[in-house]
Every structure is written in structure tokens, then in C-alpha cells.
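Me: I am new to this one. Could you show it to me and then explain the words people use for it?

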Amino acid sequence: MPTPAAPAGALDLLAGRMSCRSFTSGRISREDLNAMLRDALEAPSSCNQQAWHFVVLDQPEDLARAADLAGGNPHFRDCAALVYLCFQKGWTHDNFSVVQGVAAAAYHLMLSAHLRGWASVWNAGTGDPAKVREMLGLPLIFENQGAIAIGRAAPDSPARKPPRRALQDVVSYGRFARAEESIYPAKPAAAYPFHAISRASNPFAQWDPKDWTWAQLADYRAYSVWAKSPLAGVYTSRREGAATQAWLQMLAPLPRSASVVEILAWGGTSTTALARHLPEDAALQVAELHRHNLTFIKDRLRHEGISREVGELLAPEGLLPCEDRSLDAVLIPQSLEHMADPALMLAEAARVLKPEGQLLLSVRNRSSRAGAEWAEVESKGQVPLQGPWTPLRPRKLLALLEPHFVIEEIAGLGLAREGGADLCRATPQLWRRRAIALRARPRG
Ligand SMILES: Cc1cc2nc3c(=O)[nH]c(=O)nc-3n(C[C@H](O)[C@H](O)[C@H](O)COP(=O)(O)O)c2cc1C
């Protein structure tokens with residue numbers, strides 16, 4: 001059979017598909033839905049069994065219920081339809097071939113939607129599997145693996161497609177070869193059986209960032225920050241919102257036209273709070289390990305309606321591209337515990353601060369109840385999108401600061417793992433708080 005040439009522009013059109021997480025809440029006809037689903041059924045499947053099944057929700061009350069269940073995917077509420085990706089278990093199972101078949105159809109569905117002018121997003125996060133099963137009336141022999149949300153993109157929907165890795169970094173001919181920084185550390189083991197690894201339980205996950213290189217941390221965070229769109233409110237943790245405000249109150253008054261740098265900014269969550277908190281004449285810059293994080297933060301700030309100009313600093317290997325003694329404030333918002341070499345970053349902060357400058361730091365506390373829960377529960381699972389981290393014990397934190405900083409104010413922040421933003425200044429109680437917040441001056 002001769003190889004047909006790809007119609008001019010068709011592949012570019014397909015490559016223009018990108019996820020949408022902000023919809024207009026307009027409806028879609030079943031005729032349109034069926035047209036897309038018919039396209040999806042042209043996908044290949046293992047042994048041609050087409051063991052897939054698609055349960056479609058297109059009624060507003062059903063979408064609202066699905067959104068309640070999904071929790072972390074609020075766009076379920078505003079999309080026009082949710083196509084649940086299901087399959088029958090027990091046949092042609094090896095190498096997850098049944099799942100591979102559903103995935104092929106799912107992507108075909110998204111491309112069809114895209115070519116027909118609809119936006120979509122694939123969601124593995126659909127909520128508690130038992131509740132989803134009940135909602136869909138799914139028999140036990142069927143499994144749900146995700147849902148494609150389809151709708152019209154809202155005017156504020158971000159227009160930037162998340163960055164892709166370079167071909168030579170993810171493709172190798174003949175034998176495996178891959179960019180070193182994109183092979184992440186795992187605990188040494190004779191084998192890594194797939195079935196032994198899940199989000200909640202990953203015995204091979206390396207949570208200590210000191211076991212990662214700066215380049216690995218940069219790479220991991222650079223791509224996974226795009227797991228969501230840079231919309232207002234994204235990545236805002238229930239745990240940390242109010243606590244960030246309380247922490248910022250500890251910032252001492254700044255001189256006029258102050259230079260402020262924030263280091264590793266949580267996809268712009270902390271930058272948003274800081275940009276609103278700082279006096280208008282202050283110059284704010286964000287330092288990140290990878291330019292992709294800076295791009296995300298820039299887009300995010302635009303969606304948050306922040307008009308202040310925020311500068312971008314690239315700090316590969318944990319080195320700040322700033323002159324000695326040039327800054328009035330450096331802020332490290334619970335990100336020291338994510339760094340490959342926190343001592344280096346503190347030395348850098350001391351180097352770039354003016355003698356009268358201030359370091360504002362907040363660190364999650366290993367000696368708190370939340371720290372114990374991290375050790376017993378959270379750290380047994382997969383490392384999060386923001387990268388590996390370990391809470392610090394107060395003694396360790398003080399030892400890290402000692403060579404470079406004199407502490408001026410210190411407080412414990414919140415008690416419960418779930419939240420709490422009260423500042424506690426009494427010792428020894430403050431050492432048991434969820435996070436330790438402090439302001440320090442560089443040593444002379
Ligand atoms: C299997 C799979 C599961 C996904 N799950 C989610 C999800 O639960 N929530 C979400 O917002 N995006 C989810 N996504 C979308 C990805 O984050 C997105 O495809 C990726 O960031 C690349 O962006 P793009 O689709 O715009 O090219 C998922 C994608 C795939 C393929």
C-alpha cells in the first residue's frame with residue numbers, strides 16, 4: 001500500500017490540541033457526542049476485543065455530582081459532558097493491554113473533539129472508585145480508569161500548551177538511552193514490580209531531596225507543574241492558604257523600592273500572596289530551578305489578575321543569579337525542605353542579602369504531629385508534583401541557619417496537619433507546631 005502523505009496542516013492541527021480545565025458550561029448535543037465517540041471506536045484494541053465501555057454524563061445535575069466526587073478536578077462541573085473510560089476485566093489482560101486499548105480510544109476521542117472545535121481534558125482523578133462505580137452503575141467485572149471532560153473552552157482558558165521534552169531526550173534507537181536528569185532516584189532494589197507501586201504506596205520512592213541532584217529536581221518539577229492549568233487558585237492548598245498570610249505578617253517593614261526574591265514558589269501560589277502583600281514600589285522576582293516553572297508562574301499571575309511586574313530568575317544547581325549584598329528580602333516559602341542542598345541555598349541567601357536585609361523562612365516541622373503523619377502515611381506513597389521533600393526537625397533547621405543568620409523572630413505555625421494559621425511564640429510549644437516560621441538577618 002503506498003504511504004499516503006499527511007494532509008497539509010493536519011498534523012499541526014492535531015498537535016495544537018491541549019488540555020482545557022475552564023469551560024463555558026454550555027451544553028453539547030448527543031448527536032455531536034456520538035459523532036466523536038464513533039470516531040473513538042476506530043481506535044485499535046488488543047485482539048480487537050473492544051473491551052472498552054464509555055458511560056457518558058451530560059446532564060448538569062449528573063456533572064455536579066461527578067464534580068463533588070472528583071474533588072480535585074473542579075472542571076467536571078462546567079464541562080458539557082464527561083465520558084467515563086471503562087473496560088471489562090479478565091480477558092487479554094497481559095501488559096495491561098485492555099487498558100492500552102481504552103487509552104487509544106480515549107485519545108482518539110480527544111482528537112476528534114479538538115478537530116470538531118471542542119476542548120477536552122483527560123482525568124485519571126475521578127474520585128473514590130466505589131462511589132464512582134455506584135454513580136455509574138458499573139458492574140464489578142468492569143473497571144473505570146478515568147474520564148474525558150468535553151466542553152467549550154472558556155475565554156479565560158489558558159492558551160499555552162504545556163512544554164514537551166526534546167525528541168532526543170525521550171527517544172532512542174536500538175537501545176535505551178535517556179537524559180540523565182529525567183531518570184529519577186528510586187530506592188535500590190533488585191526489581192521494581194509495577195503492581196507493588198501505587199500513589200499511596202511506593203516502597204521505592206526517594207523522598208529525601210538530598211538523594212536527588214538539583215538537575216533531577218528541576219526536571220521533575222518543571223514538567224509536573226503543568227499537571228494543571230495556570231488558572232487562578234490552582235495548587236492553593238487548604239492547609240497553607242491562611243498560614244501563608246500569617247507568615248507574611250512576620251516580614252519586617254521594607255525600605256523604599258526594596259528588592260525582594262522568592263525562592264521556589266509553589267506554581268505561583270505563594271507568589272500570588274506575596275505580590276498582594278508587598279508595597280507597590282517593591283521589586284519582586286521569583287527564583288526557580290527551571291524556566292518552565294517560571295513560565296507557569298507568569299501565566300498564573302496573569303490569571304490571578306496581578307498587574308505587578310514580577311521578575312524571573314533561573315537558579316540551576318541552587319545558585320542565585322544575584323549580586324552579593326543586593327537584596328532587601330529573600331523568602332523561602334516551605335521550599336527549603338525540597339532542596340538538594342539546603343545549606344547551599346541558605347549560604348546563597350546570606351550572600352545576596354544586604355547586611356540589613358531579611359530572610360523570611362517557613363519550614364514544615366518533622367517534630368510536629370503533622371511531621372509524624374508525614375513519616376507514617378504520606379512518605380509511604382509517591383513523591384508529589386512539587387518534588388520530594390522531608391520536613392525538618394527544629395534542631396536541624398537551627399543548625400542550618402547558624403553559620404549565616406541571626407534569628408530575629410521565630411514562631412510555630414498551626415497545629416493540625418489539615419491547617420491552622422495561628423502563630424505560637426511560646427517555647428517549648430512552638431517546636432511542636434506544623435511549621436516553623438522565622439525572620440533572620442545575615443551575620444555580619
Ligand atoms: C492518563 C492521564 C490522566 C490525566 N489525569 C488528569 C487529571 O486527573 N486532572 C487533570 O487536570 N489533568 C489530567 N491529565 C491531563 C494532563 O495533565 C495533561 O495531558 C498534560 O499536562 C499535558 O498537557 P496537554 O494535554 O495540554 O498537552 C491526565 C492526562 C492523562 C494522559
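Reply: Happy to; what follows takes the terms one by one and sets values against their definitions.

Reply: This is a predicted model, in which local features need pLDDT of at least 70 and side-chain atom pairs count only at pLDDT 80 or more, while totals for chains, interfaces and linings use all residues. Residues are numbered from 1 along each chain as its sequence is written, and side-chain values use heavy atoms, with hydrogens and water left out.

Me: Why is Cys20 said to be in no disulfide?

Reply: A disulfide is a pair of cysteine sulfur atoms within 2.5 Å. A search of the whole structure finds zero disulfides. For Cys20, the nearest cysteine sulfur belongs to Cys79 and is 9.6 Å away, so Cys20 is in no disulfide.

Me: What makes Cys20 and Cys322 buried or exposed?

Reply: Buried means under 20% relative accessible area, exposed means over 50%, and partly exposed is in between (1.4 Å probe, protein chains only). Cys20 has 3%, so Cys20 is buried. Cys322 has 11%, so Cys322 is buried too.

Me: How do you know which class Ser25 belongs to, by its relative accessibility?

Reply: Ser25 has 46%, which lies between the two cut-offs, so Ser25 counts as partly exposed. Ser25 also has a positive phi of about 70 degrees although it is not a glycine. Its place is the loop between helix H1 (10–15) and helix H2 (30–40); helices (H or I, at least four residues) and strands (E, at least two) are DSSP runs, numbered from the N terminus.

Me: And what makes Trp266 partly exposed?

Reply: The value for Trp266 is 22%, so Trp266 counts as partly exposed. Trp266 is not a glycine, yet has a positive phi of about 55 degrees. You will find Trp266 in the loop between strand E5 (259–263) and helix H9 (269–277).

Me: Which peptide bond is called cis?

Reply: The one from Thr427 to Pro428, with omega near 5 degrees. Pro428 sits in the loop between strand E11 (423–424) and strand E12 (435–442).

Me: Let us turn to the ligand. Which residues come nearest?

Reply: Of the 17 residues around the ligand, Ser19, Arg21, Trp122, Ala124 and Arg164 come nearest. A residue is near a molecule or strand if one of its heavy atoms lies within 4 Å of it.

Me: How do you know that Arg21 makes a polar contact with the ligand?

Reply: A polar contact is a pair of N or O atoms within 3.5 Å; within protein, one must be able to donate a hydrogen and the other to accept it, and residues adjacent in sequence count only if both atoms are side-chain atoms. An N or O atom in the side chain of Arg21 is 2.6 Å from an oxygen atom of the ligand, so this pair is a polar contact. A polar backbone atom of Trp122 is 2.9 Å from a nitrogen atom of the ligand, and a backbone N or O atom of Trp226 lies 3.0 Å from a ligand oxygen atom.

Me: What does the UniProt record say about residues 15–70 and 278–360?

Reply: The unreviewed UniProt entry gives "domain: Nitroreductase" for residues 15–70 and "domain: Methyltransferase type" for residues 278–360. UniProt positions are given in the numbering used here, feature names are shortened, and annotations may be inferred rather than shown by experiment. In the model, residues 15–70 are 41% helix and 11% strand, and residues 278–360 are 29% helix and 31% strand.
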